[in-house]
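Reader: I've got a structure open and I'd like to talk through it with you. Can we start with the charged pairs and work outwards from there?

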Amino acid sequence: MLLARILTALILAPLFIWAIFTMPTDYFAYLLLSFVALGAWEFTRLIKIDQPLYQALVVLGIVGCAFVASAHSENLQTVLVVSVAWWGLNLFWVVSYPKNVASWYGSGIIRVMGGVMLLVPMWVALTSLHANYGPVYFLLLMLLIWGADTGAYFVGRAIGKHKLAPKVSPGKSIEGAIGGILFAIVIMVIFLQIQEIATSDYAGYIMLAVVISSVSVLGDLYESLFKRTSGIKDSGNILPGHGGILDRIDSLTAAAPFFLLGLSLL
């Protein structure tokens, strides 16, 4: 399993980085939309929709919402703010779990809307980030997430003792989360040095790194809510050693809107 995980990462990561830097935004947006569609299909399993027709309708609905949101780019800031507020609500669900499960899982409509809010703002934020800030900042977001995930894993294994959210994801520790934040800060400082960003702007960028590394954990925990409630270990098996698409982009679903909104405020 570990070998499959490493081989998959070694193959897919360079290909994705190549796409970030070589594909025009219009084509890159469709590549990202394919991930959204696959993630939406996997999400139907997490909300216990198992009939192919209904699964397809949910996927088409989420993709359609993405197109509608993209067509009204003048409302981008509103989409980002609403998404950030929604993730604040998700933090409450994570902290209070298993209480209040019916509030976000009891109704079929609410469950489907959860998928819309999970995937559509992410896609809108990522396409806008690629178009308006360029591949370098897009890669920075990915590196912050990968760095936070890597730091949390190694620090958590080495010294993790205090559980972060034991009822949702017992493997995560507070020490690991702090380690992830520190890794993200190091990556951001290196980026600031390479890009020769004015030192007067360092504080804002470092704070952005702290926020992104923190909310990336929230994205992971939010997906864990659905997996634990539905009794599913992985969202899918399309990626050997990694599970499904949602298992790989769960951190990105939360981080992308925060990152683009944060950049706009710097």
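Reader: Which residue forms a salt bridge with Lys 172?

Author: Bear in mind that this is a predicted model. The closest N and O atoms of the pair are 3.3 Å apart. The pair links distant parts of the chain, with Lys 172 in strand β2 (residues 169–173) and its partner in helix α9 (residues 202–230), 48 residues apart. The partner of Lys 172 is Asp 220.

Reader: Is Asp 220 buried or exposed?

Author: Lys 172 has a relative accessible area of 22%, so that end of the bridge is partly exposed. For Asp 220 the value is 17%, and the cut-off for buried is under 20%. That makes Asp 220 buried.

Reader: How many salt bridges does the structure hold?

Author: Besides the pair of Lys 172 and Asp 220, there's one between Lys 227 and Asp 247, with the closest N and O atoms 3.2 Å apart. That one also links distant parts of the chain, from α9 to helix α10 (residues 245–265), across 20 residues. The count for the structure is two.

Reader: What is the relative accessible area of Asp 247?

Author: Take the lysine of that pair to begin with: Lys 227 counts as buried because its relative accessibility is 15%, and buried means under 20%. Asp 247 is buried as well, with a relative accessible area of 6%.

Reader: How do α2 and α9 pack, and what is the angle between them?

Author: Two packed helices are described by the angle between their axes and the distance between the axes. Here helix α2 (residues 25–46) and α9 have their axes 9 Å apart. The helices count as oblique, because the angle falls outside the roughly parallel, perpendicular and antiparallel ranges. Its value is about 45 degrees.

Reader: Which residues of α9 meet Phe 43, Arg 45 and Leu 46 of α2?

Author: It's a mixed patch: the residues of this contact divide into three nonpolar, one polar and three charged. Lys 227, which forms the salt bridge with Asp 247, belongs to the contact too. On the α9 side, the residues are Glu 223, Phe 226, Lys 227 and Ser 230.

Reader: Which residues does Phe 138 contact, leaving aside its neighbours within four places in sequence?

Author: In soluble globular proteins, nonpolar side chains tend to be buried together. The largest nonpolar core here has 78 residues, and Phe 138 is one of those that touch the most other members, along with Leu 119, Tyr 137, Leu 141, Ile 212, Leu 252 and Phe 259. With sequence neighbours set aside, Phe 138 contacts Phe 16, Ile 20, Phe 28, Leu 32, Leu 126, Leu 129 and His 130.

Reader: Which residues is Ala 165 in contact with, sequence neighbours within four places aside?

Author: Ala 165 lies in strand β1 (residues 163–165) and is buried, at a relative accessible area of 10%. One of its contacts is Lys 172, the lysine that bridges to Asp 220. The full set is Pro 170, Lys 172 and Leu 221.

Reader: Where is Pro 98 placed?

Author: Most residues other than glycine have a negative phi, and most peptide bonds are trans. A cis peptide bond joins Tyr 97 and Pro 98, with omega about 10 degrees. Pro 98 sits in the loop between α4 (76–96) and α5 (101–105).

Reader: What is the phi of Glu 196?

Author: Glu 196 lies in the loop between α8 (174–195) and α9. At 70% relative accessibility, Glu 196 counts as exposed. Its phi is positive although it is not a glycine, at about 55 degrees.

Note on methods: Residues numbered from 1 in each chain as written. Predicted model: local features only at pLDDT ≥ 70, side-chain atom pairs only at ≥ 80, totals over all residues. Heavy atoms only, no water. Core = buried A, V, L, I, M, F, W, Y, C linked by side-chain atoms within 4.5 Å. Buried < 20%, exposed > 50% of the residue type's maximum accessible area, 1.4 Å probe, protein only. Contact = heavy atoms within 4.5 Å. Salt bridge = Lys/Arg side-chain N within 4 Å of Asp/Glu carboxyl O. Helix = DSSP H or I, 4+ residues; strand = E, 2+ residues; numbered from the N terminus. Axes fitted to C-alpha atoms, helices over the stretch in contact; angles between N-to-C directions. Parallel < 35°, antiparallel > 145°, perpendicular 65-115°, else oblique. Nonpolar A, V, L, I, M, F, W, Y, C, P; charged D, E, K, R; others polar.
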